[in-house]
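Here are some comments for a colleague who is beginning to read protein structures. Please keep the sequence and the model side by side while going through the numbered points.

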Amino acid sequence: MAYNLGVMLISSMNEQHFLRGAIYYIGTFGPLWNSWETSMFYSSRYTTVDYAHRLFEVVRYLFVSTAVVHITSVEKMAKPQSINMLIFTIAVLCESIMHLSLNVELYRVGLGERDAIRNHTMVKIKHEILPRVLMNAAAFVVAGVMFAKTEEDGDAHRLLAAAADHGTYKVWELSDLPLTLTAIGYLQNIIFSTISNFEITSGKHGDIRKRFVPNNVDYVIHRYGEWILLMIGEGILSLLIVETVERKAYYFITTFGVLTVIFIQILKFESAPSHAEFHAVWQSLISAMCYSYLMQLLSMALIVFGVTYKLFLNDVVKEASVEDAYNAYSGGSKASRMLAASPTISDEVTANVFSISLSGVVLVLELMSLTHCGIKKALKHLVRPKGSQDKTATPHWPIVIIALFKVGIILVTMTLSQWTTDPATLTICGFCIVSALSTTRVMNFFYIHKKEVIQNLRDTIRRGVRENVQRVSKVGMGAMSTVSDGLGGDGDRASVTPSN
């Protein structure tokens, strides 16, 4: 999925397709994310062990893979006569209908706490699943109608193409409507799910246990981790599938690019708590919802970020091929023709995309750490706790300096493309930025979390000692009572025997 989305993004990095590429990116990523997350939440709440449901999942994932296969370049998907748009919308619609049928079955015959299952499933169907199905159906109908009328409108499409060749083009056309609808459906799902979650947790509808089915938190955390690893893998894949050339810039980009992706992976999982009870998914429904939205933003940013490495390496390979051709033919004419034959993306555009995507990754990683501890707790770290003799709180200057340094890192990342457009230099700067952010995490540990870890360890030891002492004292009291009961019984028998 990430690779095909990357191909589509590369095709949109020009003035003609930039806005269209953004719409297509959201319109293809959104339905696939909804498919994965709804399936993950279903599996975290309910268990199906029969072969019918397993076969059902096989067919559902067949539709998902069909949709992924037909994600191609913007030029191909934007053509009404292309079948890619039609099949993508069909596959997305069929998958959403299958998930709707699963929830209808759950509403009717699901086993467990019936009131909670019925109420929770009905809210999901009304606010999330059914509107998504309707939007996907509208996208399919539009794509089908345009595909059926391709022959009638062939002349008009040729006129539009000719106009585009002369420098006049449209930022949006009717052929973009299907993926525009899927993009709207994705954003609509976010809004509706937010509203339904606030309604559930508002307390206006009675006991929440009658309206909400909790999920398996450990399972959800594990699956989120697997998903983000797939998105991080796009960066590694972009660095490995490009042709190898013996150039200094090539080795700079591959080496520091791989190190940057590794550090991003470390930052992502280092920010997560060691225990599920401290994770955002466990804290509250609102924090879990914010964590999910940030996961989506991080996923989209990581895919874009990985694509920039591919563009960097393609530029290096192209320059190397031109140099080799120039040396081989000793005239440069054929080399110039080879360079002009393949479409190029300007260094300025690539640098801007690299800077924006890396800024998004860094910013989202910082926000995700806040979902675990909360904004109030993070703000308290900026102030030293009041002592017995302190009347006013004083700033905790090491933490304040670290926070300001993080703000500076984000600002530098946002403006990175204004300083340089060289691929190797940008890659090294990206590595330095991620390394600096990793350093701030280490400093935060020593100034904040180390004390908390030691305090939690002390509390754990004290609690364990206290429980063991209580357990031993209970065992001792039980043994004493047993001995006293035994002595009392012997005394009774001794008093009875002489009378006989």
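1. How are α2 and α3 oriented to each other, roughly parallel or roughly antiparallel? Before answering, please keep in mind that this is a predicted model. Helix α2 covers residues 18-45 and helix α3 covers residues 51-69, and the two pack at an angle of about 160 degrees. Since an angle over 145 degrees counts as roughly antiparallel, α2 and α3 are therefore roughly antiparallel to each other. Their axes lie 11 Å apart, and the crossing of α2 and α3 is left-handed.

2. It is worth finding the residues that make this contact. On the side of α2 they are L32, S35 and S39, while α3 contributes E57, R60, Y61, V64, A67 and V68. Sorted by class, the contact of α2 with α3 has 5 nonpolar residues, together with 2 polar and 2 charged ones.

3. A second pair of helices can be read in the same manner. Helix α9, residues 217-240, packs with helix α10, residues 248-270, at an angle of about 170 degrees, and their axes are 9 Å apart. The angle is over the 145 degrees used as the limit, which means that α9 is roughly antiparallel to α10. The contact is made by G225, I228, L229, I232, G235, I236 and L239 of α9, and by I253, T254, G257, V258, V261, Q265, K268 and F269 of α10. These residues of α9 and α10 divide into 9 nonpolar, 5 polar and 1 charged.

4. Next, please look at a single residue, N136, which is found in helix α6, residues 114-148. Is N136 buried or exposed? Its relative accessibility is 6%, and because buried means under 20%, N136 counts as buried. Leaving aside residues up to four places away in sequence, N136 touches V92, L93, S96 and T182.

5. The last point concerns the cysteines. A disulfide is a covalent bond between the sulfur atoms of two cysteines. How many disulfides does the structure hold? The number is 0, and C429 helps to show how such a result is reached, because its sulfur is 6.2 Å from the closest cysteine sulfur, in C432, which is too far for a bond; the cut-off for a disulfide is within 2.5 Å. C432 is likewise in no disulfide, its nearest cysteine sulfur being that of C429. As for accessibility, C429 counts as partly exposed at 24% relative accessibility, and C432, at 43%, also counts as partly exposed.

Key:
Residues are numbered from 1 along each chain as its sequence is written. This is a predicted model: local features need pLDDT of at least 70, side-chain atom pairs count only at pLDDT 80 or more; totals for chains, interfaces and linings use all residues. Side-chain values use heavy atoms; hydrogens and water are left out. Axes are lines fitted to C-alpha atoms, for helices over the stretch in contact, and angles run from 0 to 180 degrees between N-to-C directions. Helices (H or I, at least four residues) and strands (E, at least two) are DSSP runs, numbered from the N terminus. Angles under 35 degrees count as roughly parallel, over 145 as roughly antiparallel, 65 to 115 as roughly perpendicular and the rest as oblique. A crossing is left-handed if the near helix is turned anticlockwise from the far one by less than a right angle, and right-handed if clockwise. Contact means heavy atoms within 4.5 Å. Ala, Val, Leu, Ile, Met, Phe, Trp, Tyr, Cys and Pro count as nonpolar, Asp, Glu, Lys and Arg as charged, and the others, Gly among them, as polar. Buried means under 20% relative accessible area, exposed over 50%, partly exposed in between (1.4 Å probe, protein chains only).
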